[in-house]
Amino acid sequence: MLRNNIQKALLGGFIGTIVFTIMGQLIAPHIIGFPMNVGKMIAGMIHSPENVGIMIHFVMGTILFPISYLLIGYDRISGPGWLKGLIYLIPIYLVAMLVVVPMAGKGLFFHSLPAAMIALMGHLVYGAIMGSIIGTPKNSQNEVVSQN
């Protein structure tokens, strides 16, 4: 059971990260005038090539966040999987906006409401995808347990 959840978590995290990244590249330019490139931002923070930043971005999105969700949020947040994942990503978004983005020299919430909203939308979509793929624990409130 745990192995199946880990596999679903890694798959959900990977697909969510791809969608998050595409949203930053394709949707952001129409709203804020430029693409949001998380890999490039991470690379700038650690003074590395952009491909290293992209790799770190995918490791965090594919492994770190989904596994931490399984350990912290999976059994504790109620609701359908998509909502559980979405709720779990809200504090991650806030840490990004209050710590990581300023560390990258971009200011709190990118000093831009539209950019902050694009980032929020990306995190929420990522969380919904991840949570949908992982699903909910067996014997949860969504499942009827036999009393016999």
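Is Pro137 buried or exposed, and what is its relative accessible area? The legends below, drawn from a predicted model, take up this residue and several others.

**Figure 1. Pro137 in the segment that follows helix α6.** Pro137 has a relative accessible area of 14%. Because buried means under 20%, Pro137 counts as buried. Along the chain, Pro137 and Ser78 are 59 residues apart. In space, the C-alpha atoms of these two residues are separated by 9.9 Å.

**Figure 2. The chain as a whole, with its 6 helices and 0 strands.** Read along the sequence, the elements follow the pattern α-α-α-α-α-α. Taken along the principal axes, the box filled by the C-alpha atoms is roughly 60 × 30 × 25 Å. The radius of gyration is 16 Å, which agrees with the value near 15 Å for a compact globule with 148 residues. Of these 148 residues, 39% count as buried.

**Figure 3. Helix α6, residues 113–134, from start to end.** At 1.5 Å a residue, the 22 residues of helix α6 should span 32 Å. The end C-alpha atoms of the helix are 31 Å apart, so the model agrees with this expectation. At the start of α6, a side-chain oxygen of Ser112 comes to within 3.1 Å of the backbone nitrogen of Ala115. After α6 comes Gly135, which has a positive phi, near 85 degrees.

**Figure 4. Two buried residues of helix α6, Ala116 and His123.** Ala116 has its place in helix α6, and its relative accessible area is 3%. Ala116 is 88 residues from Ala28 in sequence, while the distance in space is 11 Å, C-alpha to C-alpha. His123 is also found in helix α6. His123 counts as buried because its relative accessibility is 11%, and buried means under 20%. A polar atom of the His123 side chain lies 2.7 Å from the backbone oxygen of Ala119. For the reading of any such helix, it is useful to recall that an α-helix has 3.6 residues a turn, so residues three or four places apart point the same way.

**Figure 5. A nonpolar surface patch of about 680 Å².** The residues that make this patch are Ile87, Ile90, Leu94, Val95, Leu98, Val99, Met103 and Leu108. One of them, Leu98, is found in helix α5, which comprises residues 81–103. Leu98 has a relative accessibility of 46% and therefore counts as partly exposed. The partly exposed class lies between the buried limit of 20% and the exposed limit of 50%.

**Figure 6. Two loop residues with a positive phi, His47 and Phe109.** Most residues other than glycine have a negative phi. His47 is a residue other than glycine, yet its phi is positive, near 55 degrees. The location of His47 is the loop between α3 (38–46) and α4 (50–73). With a relative accessibility of 74%, His47 counts as exposed, because exposed means over 50%. Phe109 likewise has a positive phi, near 50 degrees. Phe109 lies in the loop between α5 and α6. At 28% relative accessibility, Phe109 counts as partly exposed.

Conventions
Residues numbered from 1 in each chain as written. Predicted model: local features only at pLDDT ≥ 70, side-chain atom pairs only at ≥ 80, totals over all residues. Heavy atoms only, no water. Helix = DSSP H or I, 4+ residues; strand = E, 2+ residues; numbered from the N terminus. Expected span 1.5 Å × (residues − 1). Polar contact = N/O pair within 3.5 Å; in protein donor to acceptor, adjacent residues only side chain to side chain. Patch = residues over 30% accessible without salt bridge, like charges linked within 9 Å, V, L, I, M, F, W, Y side chains within 5 Å. Areas by Shrake-Rupley, 256 points an atom, 1.4 Å probe, with all protein chains shown as cover. Salt bridge = Lys/Arg side-chain N within 4 Å of Asp/Glu carboxyl O. Buried < 20%, exposed > 50% of the residue type's maximum accessible area, 1.4 Å probe, protein only. Rg over C-alpha atoms; globule rule 2.2 N^0.38 Å.
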